[in-house]
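User: I'm new to reading protein structures, and I'd like a close look at one part. Could you walk me through the helix that turns up in the pockets and in the core, and tell me what sits around it?

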Amino acid sequence: MSTVDTELVDLVQRARAGEARAWEDLMYRFGGLIAAITRSFRIPARDAEDVAQTTWLRLFESIHRVREPERLGAWISTTTRRECLRVLRSAASELPTDEIERGQQSRAFAAPEHELLRTEQRAALRAAVHALPDRPRRLMNVLLASPRAPYTTVADSLDMPIGSIGPTRARALDRLRRDPRVLALAS
């Protein structure tokens, strides 16, 4: 049986009432968590600040809808991770215009090699995921199949506590980064 963090519940109630000191205390209490999550995603410092600001903005906008104030840390973790993923997706899709033009000119010549490389990368990733132990392998398969699935859905489908998803995912990604098949393609 878990105990309720009455201090946190009180902080959330005071923040809902608009008390500036309560917001400062929340930021002090959870600022390190946000920073740790952005570091785990290897978000550049300039973007990490944006992730933190956006996370706090989302909380400010949603504080009245937080049903379980004692689970605010989980809410902040999930929101921060989603913002990190948004930043990473955005960065991956941005190309300077001269690179786009160069890419369009050479795409016709590079298409077969590019597709072959992508096929090899997918096969290496599938093999590396398949080599993971059962629990992280099942989690990665679910996340790869549906990267935007809410953690509640993932937790239900795998019968896994929601708080275990992030750490299990982080360990699985670390193993995948060190997998020789993945390393061979990276070099």
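Analyst: Here's a tour of that helix, starting with the whole chain and then zooming in.

First off, keep in mind that this is a predicted model. The protein chain has nine helices and zero strands, so to speak a plain run of α after α, as the pattern α-α-α-α-α-α-α-α-α shows. Of its 187 residues, 30% count as buried. Among contacts with a separation of 6 or more, 63% are between residues 24 or more positions apart.

The helix you're after is α4, which covers 72–93. Let's begin with the core. The largest nonpolar core holds 15 residues, and Leu72 and Ile76 are among those with the most contacts inside it, along with Leu26, Phe30, Trp56 and Leu59. α4 isn't on its own there: α1 (6–16), α2 (20–40) and α3 (45–62) also give two or more residues each. The top contributor is α2, with five residues.

Now zoom in on Leu72. Leaving out residues up to four places away in sequence, Leu72 touches Leu8, Val12, Leu26, Phe30, Leu59 and Val66. If you're wondering about the general idea, nonpolar side chains in soluble globular proteins tend to be buried together.

Next come the pockets. The largest pocket has a volume of about 1000 Å³. It is lined by 28 residues, and the closest to its centre include Leu85, Phe41 and Met140, with Arg169 and Leu173 also in that group. The lining takes two or more residues from each of α2, α4, α6 (134–145) and α8 (162–178), and α4 gives the most, with seven residues. By class, that lining has 17 nonpolar, three polar and eight charged residues.

The second largest pocket holds about 670 Å³ of space. Its lining has 20 residues, and those nearest the centre are Arg71, Ala74, Trp75, Thr78 and Thr152. Here α4, α7 (151–158) and α8 each give two or more residues, and once again α4 gives the most, with seven residues. This lining splits into seven nonpolar, seven polar and six charged residues.

To pull it together: α4 gives two or more residues to the largest core, is the top contributor to the lining of the largest pocket, and is the top contributor to the lining of the second largest pocket too.

Terms used. Residues numbered from 1 in each chain as written. Predicted model: local features only at pLDDT ≥ 70, side-chain atom pairs only at ≥ 80, totals over all residues. Heavy atoms only, no water. Core = buried A, V, L, I, M, F, W, Y, C linked by side-chain atoms within 4.5 Å. Buried < 20%, exposed > 50% of the residue type's maximum accessible area, 1.4 Å probe, protein only. Helix = DSSP H or I, 4+ residues; strand = E, 2+ residues; numbered from the N terminus. Contact = heavy atoms within 4.5 Å. 1 Å grid on protein atoms, 1.4 Å probe; cavity = no way out; pocket = protein on both sides within 12 Å on 5 of 7 lines; lining within 4 Å. Points joined across faces, edges and corners; volume = space filled by probe spheres on them. Nonpolar A, V, L, I, M, F, W, Y, C, P; charged D, E, K, R; others polar.
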